[in-house]
Amino acid sequence: MEVLNTFMTWIFRNRIGQIENFMQHPIDVQQEIFFELIKTARKTHFGKKYHFGEIRNYREFAERVPVHDYEQMKPYIDRCMSGEQNVIWPTEITWFSKSSGTTGSRSKFIPVSPEALEECHFKGGKDMLSLYVRNYPDTKLFSGKSLTIGGSIQVNPLDGTKNSFYGDVSAVIMQNLPMWVQFARTPSLEVALMSEWEAKIERMAIETMQENVSSMAGVPTWAIVLIKRIMEIKGADNILQVWPNLEVFFHGAVAFGPYRQLFEELIPSPKMHYMETYNASEGFFGIQDQSDSEDLLLMLDYGIFYEFIPMEDWDSDDPKILPLQEVELGKNYAMLISTNAGLWRYKIGDTVKFTSIRPYRIRISGRTKHFINAFGEEVIVENAEKAIELACAGTNSTIVNFTAAPVYFEGMTGKGAHEWIIEFETSPADREAFVSLLDNSLRDLNSDYDAKRYKDMALTAPRVHFAETGLFERWLRSKGKLGGQNKIPRLSNNRDFVEELLKMRN
């Protein structure tokens, strides 16, 4: 296995030159991507409708092609799902990534073309390993297996030929991985793609605890559930007693900060590494490329052309839209993407903040719909997650999940507030201290929130409910959303989700 590790390490190091090329020449690379997308799709239904064959530059593209949210792209995607081809992309699309809504039952289906699989999602996975190898040249990663946690796939019932499929993006990727990668991962594909999560975790535990696992990849919450189950079966005090060669967890989908302490308890090794990725149903966007920073390198040669809407223009009827070269440091932007799967000027729904422009690095700051701004406080998910992390660190507590929504002014003399529901893995011994730390951390992180909290003039202290174990999981199960890409809405101006959870507690 030492020979294999040396060989694979050499293979993945070879990609670094290409990564450095787009880091050094980002605008040139994005221009190449732009013209390649337009040229490739010019004879599709969408390309003909917007005269792609006549587009000579970005300005003409921006003038001709409108911005699309999912509802506006849906008629085209529905045609693709019914089996029609050459609608938004010329190559045959037989895979769709399913992304469920957060408070409703409606799902989004994102087309995944062969190019999106090969040149975006697979390439992102390879680059993740390449950057890891560069940062940790003494790695023994390839001496063991990678444990991947994903969702499930189903036959697409809308396609009369039954020749297309859908599932969350992790499952679509796993199903299509080449054989040599399947050999290097665990559990078996049969178990990895099971749809019933309780049974799946049990089967995964039984299979993987027999393997030499050197890396894990997935959403933190499910990784924790699996690790705990394996430790319970084996009677282990920590997972290193089962997997002594575990050295890295590749994570994404939710902020890792609130979970870090718990992982350090489950994997008590100073040699354990954590590496964040930004991989969504719509594409693979970013990878943590520095060992000493959580910033994500924006991956610019994956067949995705990027545009950005400043968040102060988000609700405008005619928002200002910027290409990559016009973004500024420290501002919040909503992302627009045009992709090699036929999404055109598509609002992905995420907001990002640039931390560097030489090269372009970002941090995910939240969702366009997941923030609280009921009183002009403009609290975004990034603020909430960091405040939770600081409150946990100050009270030796760890969380499982949380959500928050505003309490609007009550009566003439009533004040506004934020109402939180937090489920803990380890509860704080002093709950009042936790609430105080949460509040003060938010005030330090967000000047608008601090201004509204001044002498309780607009906002009073947070109202925090300390939820019983399993509350969020019970809600997910009641909605048929347990597992996969389903996420809890962290923040919302709408109180519906908070009210649902409070009713479940009663």
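Two strands count as paired if DSSP finds at least two bridges between them. Strands here are DSSP runs of E at least two residues long, numbered from the N terminus.

**View 1. The three-stranded sheet in a predicted model.** This is a predicted model, where local features need pLDDT of at least 70 and side-chain atom pairs count only at pLDDT 80 or more, while totals for chains, interfaces and linings use all residues. Residues are numbered from 1 along each chain as its sequence is written, and side-chain values use heavy atoms, with hydrogens and water left out. The sheet is open, runs in the order β19-β20-β21 and has mixed pairing. At its edges sit β19 (398-407) and β21 (463-467), each pairing on one side only. From one strand to the next, the twist averages 20°.

**View 2. β19 against β20.** Nine bridges hold this pairing, which is antiparallel, with β20 spanning residues 417-426. Look for Ile-399 opposite Phe-424, and for Thr-403 with its bridge partner Ile-421.

**View 3. β20 against β21.** These two run parallel, joined by five bridges. Here Ile-422 faces Phe-466 of β21. Eight of the ten β20 residues are buried (under 20% relative accessible area, 1.4 Å probe, protein chains only), so the strand is largely enclosed by the rest of the structure.

**View 4. Residues 101-105, a spot to treat with care.** pLDDT (the predictor's confidence in each residue, from 0 to 100) stays under 50 here. The model still gives this stretch 13 contacts (heavy atoms within 4.5 Å) beyond four places in sequence. Where pLDDT is low, the predicted coordinates should not be read in detail. For the chain, mean pLDDT is 91, with 96% of residues at 70 or more.

Key:
Helix = DSSP H or I, 4+ residues; strand = E, 2+ residues; numbered from the N terminus. Axes fitted to C-alpha atoms, helices over the stretch in contact; angles between N-to-C directions. Buried < 20%, exposed > 50% of the residue type's maximum accessible area, 1.4 Å probe, protein only.
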